[in-house]
Amino acid sequence: MNPTLRKPLIAGNWKMYKTVAEAVQTAKDLVQCTAGVDVDIMIAPPFTALAPVAEVVRGTSVALGGQNLFSKNDGAYTGEISPVMLADIGCRYVIIGHSERRQFFGDTDASVNAKIRAALNHRLIPVFCVGETDAQREAGETFSVLDKQVSKGLEGFSSEMLSNVIVIAYEPVWAIGTGKTATSDQIQEVHTFLRSLAEKRFDNLLAKTVKILYGGSVKPENVSEIMKLPDVDGALVGGASLSAEVFSKIIRFHH
Ligand code: PEP
């Protein structure tokens with residue numbers, strides 16, 4: 001982590017969990033538990049809870065994110081949510097290309113690229129997820145998979161459009177929701193690779209400023225070790241973000 005260049009970001013992905021009442025209560029508890037913490041915090045509740053949670057976090061250090069968007073501003077796209085709607089409701093962030101969306105809902109490198117463009121057009125910070133599967137890692141394809149996801153996902157953008165805006169989340173698919181965390185060596189190796197890829201495909205400014213989060217079974221017990229790694233700027237947390245008590249321990253990783 002390099003806090004002088006990149007303030008840590010701890011992001012919670014609530015996935016398809018929580019009724020409105022549960023989401024509001026967790027957000028209230030989280031605001032209370034994290035007051036005064038000098039870390040960027042984001043929570044991404046399900047769409048149904050965004051508006052009431054927005055009321056709870058307004059004016060606090062907890063920012064709101066969507067879990068996905070569709071790349072059009074509006075139109076006959078039943079079931080979809082647009083960047084205009086997310087921005088309107090008070091989102092600052094949006095998770096894009098999460099492996100669960102790639103696996104179950106047809107997200108591709110091309111659709112992810114369009115979604116990132118849509119997010120940027122509406123001043124939403126994309127949390128752009130990349131990561132290899134178990135089989136790809138076993139086959140020695142980790143770096144080629146990540147290279148393709150990043151290159152296609154960010155195709156057509158300039159460093160100027162992305163620097164100080166985009167966040168990349170490295171989430172090895174085999175570590176998400178499995179309790180299996182990547183080792184420190186595996187994480188640092190990939191984060192270094194991603195930062196050098198930013199330099200190779202774009203420039204030094206993007207490489208220096210892009211926040212690269214790690215995601216995959218992050219918990220209070222392992223967050224400090226992960227956050228000590230020089231190229232890790234934060235965490236994207238699923239299961240352990242559902243409880244304000246547990247998530248706030250992750251947010252207070254340096255205590
Ligand atoms: C995620 O959903 O992005 C994630 C990393 O999940 P978990 O922390 O539960 O592995």
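**A cavity and a helix**

User: How many cavities of 30 Å³ or more does the structure hold?
Analyst: This is a predicted model, where local features need pLDDT of at least 70, side-chain atom pairs count only at pLDDT 80 or more, and totals for chains, interfaces and linings use all residues. Residues are numbered from 1 along each chain as its sequence is written, and side-chain values use heavy atoms, without hydrogens and water. A cavity is a set of points on a 1 Å grid over the protein atoms alone where a 1.4 Å probe fits but cannot get out, with points joined across faces, edges and corners and volume taken as the space filled by probe spheres set on them. The number of cavities of 30 Å³ or more is one.

User: Which helix gives the most to the lining of the largest cavity?
Analyst: Lining residues have an atom within 4 Å of a point. Among them are Val150, Leu194, Leu197 and Ala198. Helices are DSSP runs (H or I, at least four residues), and strands are E runs of at least two, numbered from the N terminus. With three residues, the most comes from helix 9 (residues 184-201).

User: What arc do the buried residues of helix 2 cover?
Analyst: Ala49, Leu50, Val53, Ala54, Val56 and Val57 are buried (under 20% relative accessible area, 1.4 Å probe, protein chains only; exposed is over 50%, partly exposed in between). They sit on the same side of helix 2 because their arc, taken from the directions from the helix axis to the C-beta atoms, is only 155°.

User: Which residues are exposed on the other side of helix 2?
Analyst: The buried residues pack against helix 1, strand 2, strand 3 and helix 3 (contact: heavy atoms within 4.5 Å). On the other side, the exposed residues are Thr48 and Glu55.

Conventions
On a 1 Å grid over the protein atoms alone, a cavity is a set of points where a 1.4 Å probe fits but cannot get out, and a pocket is an open set with protein on both sides within 12 Å along at least five of seven lines; lining residues have an atom within 4 Å of a point.
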